[in-house]
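Open the structure in your viewer and get ready to make a few selections. We will go from one stop to the next together.

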Amino acid sequence: MSGPALRAVIKGTGSALPKRRVSNDELAAQVDTSDEWITERTGIKFRHIAGPDETTATLGAEAARHALDAAGMSEKDIDLIIVATCTPDQTFPATATKVQHILGHHGGVAFDVAAVCSGFLYAFSVAESMIRAGSAKNALVIGAETMTRLLDWEDRGTCVLFGDGAGAVVLSGETGEAGVLATQLHADGKHNELLYVDGGPSTTGTVGKLRMQGREVFRHAVTNLASVMHEVLDQAGLEPTDVDWVVPHQANARIIDATVKKLGLAAERVVLTVAEHANTSAASVPLALDGAVRDGRIRAGDVVVLEAMGGGFTWGASVVRM
Ligand code: UT7
């Protein structure tokens, strides 16, 4: 006989940002741009830039530590660590094993997921599936990036858009009303040339720099995000009016506005951090989620939609009851 369905519940959230916070004006002193252009086109006002002593693993571990504290757990309770990142500390081993080591954790499973800006949604879905399958009990799902290390500071079309940071959640298996209600993930590799890094171990033998055709990415982002949010709400049997909060990927305030308008969602229900963090790729959703949990906007019982779209293309959304 099967018991009540097991769900993956968010037990705690955490985040971490590099010490150095850089304004648009500071950037405009070195790059041919302006606070006015960046603000108007993207909504970005600041980004954090990692210093030499700050890496994807150190930021990820700091966010994980805060998430464990919020969950009232220690690293000993964790049997799965997934880090979503496209800026690993080393090509291998996985940054998740470095995070594990920094946390003083031994045993269990630790690996990385690479789906760029959708990475957190992908990692979240893998952890959720492993919890429901009974192969993990308590997971740390971390989105951590040092995107600024991939930037071409001569390319004003990209270098003003990204920042560094990390966010984390503790997911645990429970049988109640709370937990992940539905998830939808997608990928379409034919769009590689619209958003990519022009290097890699098996091609150039270099790390490479980020390249993007921004206008094209923008167009796809609005269409794909609106459609995946419809799908995931359908799967959960919910209407847009049932949603308490949307926690979107923070690439551009105009993408977020256009997407929520397409769904008929109220702008006041959207968590916006793009002004403060810029685009932190896989870190952006868990960073925004942590902010809204900590300032009391997102509360127990709320229905929250997480969504993201990025290089690949990859995109996805998840509906969670907190
Ligand atoms: O994480 C997921 C992936 N990323 C995204 O979702 C990003 C998606 N794309 C975007 O957010 C927007 O397309 C951008 C913010 C990247 C660009 O905004 P846009 O309104 O699409 O501008 P544009 O690329 O069409 O450029 C408009 C003008 C150009 O000048 P001309 O050719 O019209 O004279 C650019 O050269 O703005 C110029 N420009 C800049 N000017 C000042 C481009 N970058 C800058 C800059 N400062 N930083």
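How many residues surround the ligand, and which are the closest? Keep in mind that this is a predicted model. Select the ligand and its surroundings: you should find 23 residues, the closest being Thr33, Arg41, Arg215, Asn252 and Asn279. By type, this shell divides into eleven nonpolar, seven polar and five charged residues.

Next, show the polar contacts. Start at Asn279, where an N or O atom of the side chain is 2.7 Å from an oxygen atom of the ligand. Then move to Arg156, which has a polar backbone atom 2.9 Å from a ligand nitrogen. At Trp37, a side-chain N or O atom is 3.1 Å from a ligand oxygen. Taken alone, the ligand exposes 950 Å², and the protein buries 74% of that.

Now color by domain, with domain 1 as 6-175 and domain 2 as 179-321. Both domains give residues to the shell, so the ligand lies between them.

Switch to a cartoon view and pick out helix 2 (35-42), helix 6 (156-159), helix 7 (214-236) and helix 8 (253-263), each of which supplies at least two shell residues. Helix 7 gives the largest share, four residues.

For the last stop, stay with helix 8 and select its buried residues: Ala253, Ile255, Ile256, Thr259, Val260 and Leu263. Look down the helix axis: these residues fall within an arc of 160°, so they line one face of helix 8. Turn to the other side of helix 8, and you will find Lys261 and Lys262 exposed.

Notes: Residues numbered from 1 in each chain as written. Predicted model: local features only at pLDDT ≥ 70, side-chain atom pairs only at ≥ 80, totals over all residues. Heavy atoms only, no water. Near = heavy atom within 4 Å. Polar contact = N/O pair within 3.5 Å; in protein donor to acceptor, adjacent residues only side chain to side chain. Areas by Shrake-Rupley, 256 points an atom, 1.4 Å probe, with all protein chains shown as cover. Nonpolar A, V, L, I, M, F, W, Y, C, P; charged D, E, K, R; others polar. Domains from an automatic or database assignment. Buried < 20%, exposed > 50% of the residue type's maximum accessible area, 1.4 Å probe, protein only. Arc of directions from axis to C-beta.
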